Amino acid sequence: MDVYFSYSAHTLSFGNLMEKLLVDDEDLLNMILQRIRHIADYGGNPTPPIAKPLRGDIGLCEIRTSLSRDELLRICYFVDRERKRMVLLNWFSKPDGGQHSNKYEGNAGRKTHKEVQEAIDIAVSLKAEYAEKLSHYELFPFT
Amino acid sequence: MHHPATTKKLAEFIRSDGYREKASHYKRMILLGEKIYGHRKDLNMTQEELAKKAESTQRIISQLENASYGSEQGIGQDLYERIANALEIDVDYLFSDKVDRKTFELFSYIGPKLDWQWDIMQFMKLPYFVDLELTKELGFQISNFEYVRLDYGPFDKKIYAYRSLFEDKKYNVEFSFIKDFTDAIDKALSNLPIKDGNKLKILSYETEPMRKLGATLGGKEGWNEKLVLND
């Protein structure tokens with residue numbers, strides 16, 4: 001399945017993440033690209049544990065990559081079945097909810113949940129606008 | 001909105017030797033992580049429980065499952081063996097790039113329908129028919145087979161790795177990877193003589209990818225050519 005992405009105006013677009021990682025961390029970039037390719041080979045179906053469906057909007061999924069002991073980078077995507085495309089939307093990082101994280105408790109927890117919800121809202125909105133903005137998306141240069 | 005310079009740099013990066021070297025490590029780690037995760041779920045174990053049983057740490061199990069174990073981090077063969085033992089699976093299966101979890105689940109799903117009694121023809125053709133149906137309906141195949149046309153119809157030599165796993169063995173599997181597609185799999189199998197390997201072979205010659213090669217039973221047309229499922 002082909003993979004599409006965009007460099008949209010907001011700083012959390014997948015294209016902007018690629019720009020940043022090309023400069024900062026090629027190893028992490030490689031790790032992320034293998035995940036995307038693996039999921040794309042499986043028709044965009046989110047296979048655990050590296051990809052899961054996202055809460056809220058049916059059809060939105062996320063690819064998860066550990067950044068450190070307690071931080072996860074999450075890339076939101078969906079599958080455009082009509083055009084047989086996997087479409088990468090935005091990304092965000094969040095504390096990993098594992099046993100070592102206390103960032104889901106108290107005020108810090110509320111802040112985390114708010115940030116996560118905002119990122120998911122962006123993904124929902126990008127997905128809703130996608131069909132009208134097809135020209136904003138380009139084929140990922142995997143080959 | 002487009003950034004041609006960045007896209008060009010990405011394409012160059014993907015073509016570089018450094019990328020290829022690490023890509024193969026991370027790809028292997030993803031396949032390994034899925035297998036550890038899947039078998040841990042089969043046994044209803046937590047990461048901590050698996051770590052304890054394998055004399056490791058939850059952090060290492062988590063890194064392995066999440067495919068975030070770096071190529072520079074060394075890990076001994078003895079740990080892999082302890083993990084395989086703890087998961088009650090063959091260590092060779094755990095490390096084989098030929099075998100993946102979703103195909104393992106597919107065979108585990110088909111197995112009870114055949115009372116776990118199958119010959120090589122059923123073993124190879126049933127995934128083929130499932131993959132054909134899913135490619136038509138959903139745009140992708142379940143198994144990791146890359147089918148080519150051989151004597152007995154669609155074939156991939158990876159089948160031998162699966163056969164050794166399933167020969168005389170039954171598995172009790174939590175279907176984490178194929179659970180959303182069991183209806184489609186059932187549909188694909190519903191009109192097939194699943195218990196008759198010879199008929200499955202004959203029917204495989206009537207499928208579109210085989211017809212496109214002009215393949216005939218006993219003939220050599222399109223010999224060893226790749227079968228395109230998604231036209």
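**Contact and backbone notes**

Modeller: B:W116 sits in the loop between α7 and α8 of chain B. This is a predicted model.

Colleague: What is phi of B:W116 near?

Modeller: Near 60°, which is a positive value in a residue other than glycine.

Colleague: Is B:W116 exposed, partly exposed or buried, and why?

Modeller: B:W116 counts as partly exposed, because it has 16 C-beta neighbours inside 10 Å.

Colleague: And B:D115, where is that?

Modeller: B:D115 is in the loop between α7 (101-110) and α8 (120-138) of chain B. Its phi is positive as well, about 55°, although B:D115 is not a glycine. B:D115 counts as exposed, since 9 C-beta neighbours lie inside 10 Å.

Colleague: Why mention the sign at all?

Modeller: Most residues other than glycine have a negative phi.

Colleague: Which residue follows α2(B)?

Modeller: B:N44, with a positive phi near 55°. The helix itself, α2(B), has 26 residues and spans 38 Å from first C-alpha to last, close to the 38 Å expected at 1.5 Å a residue.

Colleague: Other topic. How many residues does each chain put into the contact?

Modeller: Chain B gives 29 residues and chain A gives 30 residues. On the chain B side, the elements giving two or more residues are α1 (4-15) and α2 (17-42). The largest share there, 9 residues, comes from α2(B).

Colleague: How does that side divide by residue type?

Modeller: The side of chain B that touches chain A has 14 nonpolar, 9 polar and 6 charged residues.

Colleague: Which residues does the cis peptide bond join?

Modeller: A:P48 and A:P49, with omega about 0°. A:P49 is in the loop between α2 (26-41) and β2 (51-53) of chain A.

Conventions. Residues are numbered from 1 along each chain as its sequence is written. Chains are lettered from A and ligands numbered from 1 in the order in which they are written. This is a predicted model: local features need pLDDT of at least 70, side-chain atom pairs count only at pLDDT 80 or more; totals for chains, interfaces and linings use all residues. Two residues are in contact if their C-beta atoms, placed from the backbone, lie within 7 Å. Helices (H or I, at least four residues) and strands (E, at least two) are DSSP runs, numbered from the N terminus. Ala, Val, Leu, Ile, Met, Phe, Trp, Tyr, Cys and Pro count as nonpolar, Asp, Glu, Lys and Arg as charged, and the others, Gly among them, as polar. The expected span of a helix is 1.5 Å times one less than its number of residues. A residue is buried if 20 or more other C-beta atoms lie within 10 Å of its own, exposed if 12 or fewer, and partly exposed in between; C-beta atoms are placed from the backbone.
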